[in-house]
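Q: Please take a close look at one part of this structure, the packing of two of its helices, and then set that part beside a few other local features.

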Amino acid sequence: TLNGRKGTYQLLDAIALLRPELAKTLCVLLVGQANLQDQTRTQAQANTISRDSAVQLIVRHEFVPESDVQTYFQLADGVLAPYQKHAGMSGILIWAAVAQKPVLSSDYGLMGELVRRYQLGLTVDSTQPTEIAKGLAQLLLESPEAISDRDLMTTFAEQNSAEKFAHTLFQTLLGTEA
């Protein structure tokens with residue numbers, strides 16, 4: 001879902017702040033369902049950015065079936081997750097880890113902690129477009145290996161796989177050791 005809670009507006013504000021030489025190297029896909037108000041606001045910001053910047057910005061307000069989600073992650077060089085004061089976890093971290101793509105995430109809550117602990121990418125104060133812009137610049141200028149650890153990404157993905165979850169659940173329900 002593309003909405004304010006996911007940091008869509010702060011991200012778009014950050015993109016508009018990028019230096020021209022970085023902007024021309026950036027292509028951002030914003031993909032997901034949104035209500036009419038969020039669609040209108042997102043598209044208006046995207047139109048302004050496209051007019052005033054060399055950033056290639058593609059907005060698709062549509063449901064993405066789970067069978068297609070991994071394709072988007074495979075296409076990406078990095079994954080943007082500037083969620084706003086989100087205390088919990090998000091499957092976006094697992095998808096990114098499976099695809100071995102660095103994440104630019106909020107530094108807040110469990111997501112921020114997991115990105116730091118498993119070196120999944122960069123964390124920033126996602127309430128501040130200037131901080132997101134600095135993180136975007138770092139993603140564009142540094143290699144994925146410099147900002148993330150592929151081995152820890154693999155570990156994180158394996159620990160959070162559906163198979164691991166099912167195994168843990170059944171072991172707990174059956175009352176046996178894993």
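A: The account below begins with the helix pair and then turns to a surface patch, a strand residue and two loop residues. The model is a predicted one, in which local features need pLDDT of at least 70 and side-chain atom pairs count only at pLDDT 80 or more, while totals for chains, interfaces and linings use all residues. Residues are numbered from 1 along each chain as its sequence is written, and side-chain values use heavy atoms, with hydrogens and water left out.

Two packed helices are described by the angle between their axes and the distance between the axes. Here, helix α1 (residues 8–17) packs against helix α7 (residues 129–141) at an angle of about 65 degrees, and their axes are 8 Å apart. Helices (H or I, at least four residues) and strands (E, at least two) are DSSP runs, numbered from the N terminus. Axes are lines fitted to C-alpha atoms, for helices over the stretch in contact, and angles run from 0 to 180 degrees between N-to-C directions. The crossing of α1 past α7 is right-handed; a crossing is right-handed if the near helix is turned clockwise from the far one by less than a right angle, and left-handed if anticlockwise. On the α1 side, the contact is made by Q10, L11, D13, A14, I15 and L17, and on the α7 side by P129, T130, I132, A133 and L136. Contact means heavy atoms within 4.5 Å.

The next feature is in another helix. L174 belongs to helix α10 (residues 162–174) and is exposed, with a relative accessible area of 63%. Buried means under 20% relative accessible area, exposed over 50%, and partly exposed in between (1.4 Å probe, protein chains only).

In strand β2 (residues 56–60) lies I58, which is partly exposed at a relative accessible area of 30%. Apart from its neighbours within four places in sequence, I58 is in contact with C27, V28, L29 and L30. From I58 to G78 there are 20 residues in sequence and 15 Å in space, C-alpha to C-alpha.

Two loop residues complete the account. K85, in the loop between β3 (79–81) and α5 (91–99), has a phi near 50 degrees, a positive value in a residue other than glycine. K85 counts as exposed, at 53% relative accessibility. Q119, in the loop between α6 (109–117) and β5 (121–124), has a positive phi of about 50 degrees although it is not a glycine. Q119 counts as partly exposed, at 39% relative accessibility.
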